[in-house]
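Got your viewer open? Let's take a walk through this one together, picking one thing at a time.

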Amino acid sequence: MNHIKPLITIVAIAALLLGLTACSGMSRQDRNTAIGAGAGAVGGSVLTGGSAIGTVGGAAVGGVIGHEVSKP
């Protein structure tokens, strides 16, 4: 079971990177929101030991921060 968590993390990061390639038509604020959500998800997962709640919470907080940082 301990081998599954790193695999899930790697798959999540790969999905995030592939998803960000579709950001070419997005505004700067939208891109920052997506990047913040991805970074927050990874950070939340790491800080909570792979907890789903920590990952989702980190994504939410990161998305909000990314959205607010790029406001004009």
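Where is the place of glycine 54? Select glycine 54 and you'll land in helix H3. One thing to keep in mind while you click around: this is a predicted model.

**Is glycine 54 buried or exposed?** Glycine 54 has a relative accessible area of 15%, and buried means under 20%, so glycine 54 counts as buried. Now add glutamine 29 to your selection and draw a distance between the C-alpha atoms. Glycine 54 and glutamine 29 sit 25 residues apart in sequence, and in space their C-alpha atoms are 24 Å apart.

**Stay in H3 and click on glycine 57.** Glycine 57 has its place in helix H3 too. Its relative accessibility is 30%, which falls between the 20% and 50% cut-offs, so glycine 57 is partly exposed. Keep glutamine 29 as your partner for another distance: from glycine 57 to glutamine 29 you have 28 residues in sequence and 20 Å from C-alpha to C-alpha.

**Next, zoom out.** How many helices and strands are there in the chain? You should find three helices and zero strands. Read from the N terminus, the elements go α-α-α. If you drew a box around the C-alpha atoms along the principal axes, the box would be roughly 45 × 20 × 10 Å. The chain has 72 residues, and 18% of them are buried.

**Now select lysine 5.** You're in helix H1 here. Lysine 5 has a relative accessible area of 47%, and partly exposed means between 20% and 50%, so that is the label for lysine 5. Pick leucine 18 as well: the two residues are 13 apart along the chain, and 20 Å separates their C-alpha atoms.

**Hop to serine 24.** Where is the place of serine 24? Look in the loop between H1 and H2. With a relative accessible area of 68%, serine 24 is over the 50% cut-off and therefore counts as exposed. For one more distance, add valine 11, which is 13 residues from serine 24 in sequence and 22 Å away in space, C-alpha to C-alpha.

**Time for the largest pocket.** Select Ile8, Thr9, Ala12, Ser45 and Thr55, the lining residues that lie nearest the centre of the largest pocket. The full lining has 14 residues, and about 250 Å³ of space lies in this pocket. Which helix gives the most to the lining of the largest pocket? That's H1, with six residues. Colour helix H1 (4-20) and helix H2 (28-47), since you've already got the viewer open: each of them supplies at least two residues of the lining. Sort the lining by class and you get seven nonpolar, six polar and one charged.

**Last stop: the surface.** Select Val61, Ile65 and Val69 and switch on a surface view. Together these three form a nonpolar patch with about 300 Å² of accessible area. Valine 61 brings you back to helix H3, which covers residues 52-69, the helix where glycine 54 started your tour.

How values were computed
Residues numbered from 1 in each chain as written. Predicted model: local features only at pLDDT ≥ 70, side-chain atom pairs only at ≥ 80, totals over all residues. Heavy atoms only, no water. Patch = residues over 30% accessible without salt bridge, like charges linked within 9 Å, V, L, I, M, F, W, Y side chains within 5 Å. Areas by Shrake-Rupley, 256 points an atom, 1.4 Å probe, with all protein chains shown as cover. Salt bridge = Lys/Arg side-chain N within 4 Å of Asp/Glu carboxyl O. Helix = DSSP H or I, 4+ residues; strand = E, 2+ residues; numbered from the N terminus. 1 Å grid on protein atoms, 1.4 Å probe; cavity = no way out; pocket = protein on both sides within 12 Å on 5 of 7 lines; lining within 4 Å. Points joined across faces, edges and corners; volume = space filled by probe spheres on them. Nonpolar A, V, L, I, M, F, W, Y, C, P; charged D, E, K, R; others polar. Buried < 20%, exposed > 50% of the residue type's maximum accessible area, 1.4 Å probe, protein only.
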